[in-house]
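Here are a few friendly notes to read with the model open beside you. Take them one at a time and look for each piece as you go.

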Amino acid sequence: MLIRRAVAAPLAACATLAAVLALGGCGLAERAQGSDGAGDDPTPTASQPTPTPEQGDTRPETRTSTVTAGDVVLEVSSRQAAEVQEDTFGPGTRTVTLTLAPGRTARVSLSSPGTLAVDSDGSIAVLDGDGTTVAAVGPPAPPADAAEGAPRIDVENIDETEARIEVDDRSAAAQGDGSGRAEPVTVTFVVGTEAIDGMSWGENEGGRSLAVDPADWARYAGEAGLDLIRTQLVAAEPEADSGTMEHQLVCHALGAVDKETWNLEPWRPDVGLILTATAHCNPV
């Protein structure tokens with residue numbers, strides 16, 4: 001069984017690839033520290049408020065929504081109940097929308113067996129007991145039409161089964177109505193378990209070529225999405241578990257994400273990720 005590969009090494013080359021592929025944004029974000037609006041109380045039942053705080057307890061109420069994708073069950077807790085939509089970005093996907101005030105947090109807890117691993121871009125990989133990626137949570141983000149200068153969204157692990165999402169109140173200081181109060185931010189992320197829509201072998205430039213069609217949601221699910229694509233690709237086609245196929249896969253994810261199919265050829269030389277990128281993912 002394929003064990004989750006470290007994604008740090010390929011992405012450490014992102015600064016160099018930026019000059020080749022005009023990419024950016026692969027640096028580690030500072031983690032904003034702050035109080036957790038979700039508190040430390042036991043997780044309440046889905047979409048129900050926590051019991052009324054005892055006198056003297058000033059912690060806010062939280063609401064918890066259940067997100068089920070395949071065999072993966074997540075609980076999302078925040079002051080306002082999260083909205084969960086099914087199949088918005090393809091069969092089996094779940095789209096979660098939160099409203100968070102700057103400085104406030106939401107918690108994502110794994111209820112099904114396994115662990116959560118937060119990647120450097122804020123995406124979250126859901127791992128089974130063997131460390132294999134079985135689902136991906138895309139990086140939480142404001143709507144695509146959000147105003148320029150929207151506050152940063154930080155994500156970090158609390159422990160092996162829980163992660164925290166926070167709207168950075170420092171980057172939101174300039175937002176709001178001039179009263180010093182920043183407006184709440186709508187944050188959306190996608191959860192999915194099926195990362196590949198299809199794949200088939202053919203011929204390309206005189207050699208065998210594997211055409212991979214990643215699911216649309218997985219193409220934009222960050223490092224965790226790429227890891228799920230890789231895991232399911234190798235499980236279906238063990239020949240893809242090679243250095244050259246890995247570098248071609250990462251090259252497409254970084255520089256050709258919108259291409260209809262990602263064509264991977266096992267006969268191409270393994271020249272490393274940077275040289276694969278300079279060859280437009282097709283080293284010879």
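The points below cover a sheet first and then two helices.

1. Before you start, keep in mind that this is a predicted model.

2. Begin with the sheet: it is open and built from five strands in the order E1-E2-E5-E10-E9, with antiparallel pairing. Strand E1 (63–69) and strand E9 (153–159) stand at the edges with a single partner strand each, so one side of each has no neighbour in the sheet. On average, neighbouring strands here are turned by 20 degrees against each other, direction ignored. As background, strands of a sheet pair through backbone hydrogen bonds.

3. Now zoom in on one pair. Strand E2 (residues 72–78) and strand E5 (residues 105–110) run antiparallel and are joined by four bridges. Which residue in E5 is the bridge partner of leucine 74? It is leucine 110.

4. Next, find helix H4 (residues 222–236). Its 15 residues should span 21 Å at 1.5 Å a residue, and the end C-alpha atoms are indeed 21 Å apart, so the two values agree. H4 is mostly covered, with 11 of its 15 residues buried. Among them are Leu226, Leu228, Ile229, Leu233 and Val234, but also Glu223, Asp227 and Arg230.

5. Finish with helix H5 (residues 243–255), which has 13 residues. From first C-alpha to last, H5 reaches 18 Å, close to the 18 Å expected at 1.5 Å a residue. H5 is mostly covered too: 10 of its 13 residues are buried, including Met245, Leu249, Val250, Cys251 and His252.

Terms used. Residues are numbered from 1 along each chain as its sequence is written. This is a predicted model: local features need pLDDT of at least 70, side-chain atom pairs count only at pLDDT 80 or more; totals for chains, interfaces and linings use all residues. Side-chain values use heavy atoms; hydrogens and water are left out. Two strands pair if DSSP finds at least two bridges between them. Helices (H or I, at least four residues) and strands (E, at least two) are DSSP runs, numbered from the N terminus. Axes are lines fitted to C-alpha atoms, for helices over the stretch in contact, and angles run from 0 to 180 degrees between N-to-C directions. The expected span of a helix is 1.5 Å times one less than its number of residues. Buried means under 20% relative accessible area, exposed over 50%, partly exposed in between (1.4 Å probe, protein chains only).
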